[in-house]
Amino acid sequence: QGQLVESGGGSVQAGGSLKLSCASYGYTNLGTCMGWFRSAPGKEREGVATLYIYTTRSNRTYSDFAEARFTITPDNDKNTLSLQMDSLKPEDTAMYYCAAAPGLGPAWCKGGYDLDDFALWGLGTQVTVSL
């Protein structure tokens with residue numbers, strides 16, 4: 001009965017920042033591949049950042065567009081996952097989703113996964129970036 005709930009979306013001007021948060025309920029994020037994804041109208045859903053959550057460390061993988069501007073961070077005490085987004089651009093406008101892929105190993109969590117591997121999805125939070 002795992003559930004994911006995103007929050008923190010909103011409207012911001014280009015160059016601004018937003019911090020999204022994903023709260024997990026009904027299970028622990030430890031030992032789980034998790035990530036943030038986004039979908040703009042008329043476009044395929046794409047990965048933003050993923051990480052495999054360990055007790056002591058979690059390696060992160062970012063898409064090219066997010067590498068220098070976004071930061072994905074787990075808070076294992078709170079069982080949450082955040083996405084700090086800086087220097088936002090209009091093309092970042094999208095619905096952002098948090099997802100979890102129970103059973104997906106750390107290697108596959110870096111990439112090469114299928115979206116179907118992520119069995120748990122939040123309902124999304126809208127991010128709108130204007131000039």
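This passage walks through the strands, the nonpolar cores and a few individual residues of a predicted model.

A good place to start is the open sheet, which is built from 4 strands in the order β1-β3-β8-β7 with antiparallel pairing. Strands β1 (3-7) and β7 occupy the edges of this sheet, and each has a single partner strand, so one side of each is left without a neighbour in the sheet. From one strand to the next, the twist averages 15°. As a reminder, strands of a sheet pair through backbone hydrogen bonds, and they can do so in a parallel or an antiparallel way. Strands β7 and β8 show the antiparallel way, with 6 bridges joining them. Within this pair, threonine 71 has glutamine 84 of β8 as its bridge partner.

Next comes strand β9 (94-101). Of its 8 residues, 7 are buried, so β9 is largely enclosed by the rest of the structure. Strand β9 is joined to β4 by 7 bridges, and the two run antiparallel; here cysteine 33 stands opposite alanine 101 in β9. Strand β9 also runs antiparallel to β11, to which 3 bridges join it, and tyrosine 96 is found opposite threonine 125 in β11. A further antiparallel pairing, of 2 bridges, links β9 to strand β10 (residues 120-121), where tryptophan 121 stands opposite alanine 99.

The buried interior can be read residue by residue. The largest nonpolar core has 27 residues, and the ones that touch the most other members are Met34, Trp36, Leu83, Met85 and Tyr96. Two or more residues are contributed to this core by each of β3 (18-25), β4 (32-39), β5 (46-53), β7, β8, β9 and β11 (125-130). Apart from this core lies another, made of 8 residues that include Phe37, Tyr52, Ala101 and Leu104. To see how one core member is surrounded, take leucine 83: with residues up to four places away in sequence set aside, its contacts are Leu18, Lys19, Leu20, Trp36, Val48, Phe70, Thr71, Ile72 and Tyr96.

Arginine 38 is a polar residue worth a visit, and it is found in strand β4. Its relative accessibility is 7%, and because the cut-off for a buried residue is under 20%, arginine 38 counts as buried. The side chain of arginine 38 makes a polar contact of 2.8 Å with the side chain of aspartate 92, and another, of 3.0 Å, with the side chain of tyrosine 96. Leaving aside neighbours within four places in sequence, the residues in contact with arginine 38 are Glu44, Arg45, Glu46, Val48, Phe65, Phe70, Glu91, Asp92, Ala94, Met95 and Tyr96.

Two loop residues complete the tour. Asparagine 79 sits in the loop between β7 (70-75) and β8 (80-85). Although asparagine 79 is not a glycine, its phi is positive, at about 60°. Its relative accessibility of 14% places asparagine 79 among the buried residues. Serine 87 belongs to the loop between β8 and β9, and its phi, near 50°, is again a positive value in a residue other than glycine. With a relative accessible area of 40%, serine 87 is partly exposed.

Definitions and conventions. Residues are numbered from 1 along each chain as its sequence is written. This is a predicted model: local features need pLDDT of at least 70, side-chain atom pairs count only at pLDDT 80 or more; totals for chains, interfaces and linings use all residues. Side-chain values use heavy atoms; hydrogens and water are left out. Buried means under 20% relative accessible area, exposed over 50%, partly exposed in between (1.4 Å probe, protein chains only). A nonpolar core is a set of buried Ala, Val, Leu, Ile, Met, Phe, Trp, Tyr and Cys residues joined through side-chain atoms within 4.5 Å. Contact means heavy atoms within 4.5 Å. Two strands pair if DSSP finds at least two bridges between them. Axes are lines fitted to C-alpha atoms, for helices over the stretch in contact, and angles run from 0 to 180 degrees between N-to-C directions. A polar contact is a pair of N or O atoms within 3.5 Å; within protein, one must be able to donate a hydrogen and the other to accept it, and residues adjacent in sequence count only if both atoms are side-chain atoms.
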